[in-house]
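Biologist: Hi! I'm new to this one, could you walk me through it?

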Amino acid sequence: METIKKVTEQSRRKIDRQLIRIKAEITEPMIGNVVVFTQDVSDSGAFVVLPRDRCPPVGSSLNIRLYRKPGAEGEAMLSGRVVRVTESGMGLQFFDFDMI
């Protein structure tokens, strides 16, 4: 059973996530503007580190600004929604992606 569960969990994720720590700013009416760091990022979403009591509820829409590493050009502005909340943060799904 354990092997089937692992295969199912892997199949569910369509896009690989990269473990990467990126500074980001989240804007959402309930929490305002909050600076966070990603734990992992993919083309379709990210997990950001934030205490559970600071996370907006699952389904909340928000804006995300991903900052580049020093020396790199541009920033990314995204719209997204909260798809998961854990003790250590929240999973975000991206809707659009614009470089500024």
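Modeller: Happy to; here is a short chat about a few strands and residues. This is a predicted model, where local features need pLDDT of at least 70, side-chain atom pairs count only at pLDDT 80 or more, and totals for chains, interfaces and linings use all residues. Residues are numbered from 1 along each chain as its sequence is written, and side-chain values use heavy atoms, leaving out hydrogens and water.

Biologist: Thanks! Which side chains of strand β5 are buried?

Modeller: In β5 (residues 61–67), L62, I64 and L66 point to one face and are buried, while S61, N63, R65 and Y67 point to the other and are not. Buried means under 20% relative accessible area, exposed over 50%, partly exposed in between, with a 1.4 Å probe and protein chains only. Strands are DSSP runs of E, at least two residues, numbered from the N terminus.

Biologist: Why do they alternate?

Modeller: In a regular strand the side chains alternate between the two faces of the sheet.

Biologist: How many bridges join β2 to β5?

Modeller: 4, and the two strands run antiparallel; E25 has R65 as its bridge partner in β5. Strands pair if DSSP finds at least two bridges between them. β5 also pairs with β6 (residues 75–86), antiparallel over 7 bridges, and S61 stands opposite R81 there.

Biologist: And why does L62 count as buried?

Modeller: Because its relative accessibility is 4%. L62 touches, among others, I26, L78, V82 and M90 (contact: heavy atoms within 4.5 Å).

Biologist: New topic: where is D40?

Modeller: D40 is in strand β3 (residues 32–41). D40 counts as buried, at 12% relative accessibility, and its contacts include R17, L19 and F47.

Methods. Lists of a residue's contacts leave out its neighbours within four places in sequence.
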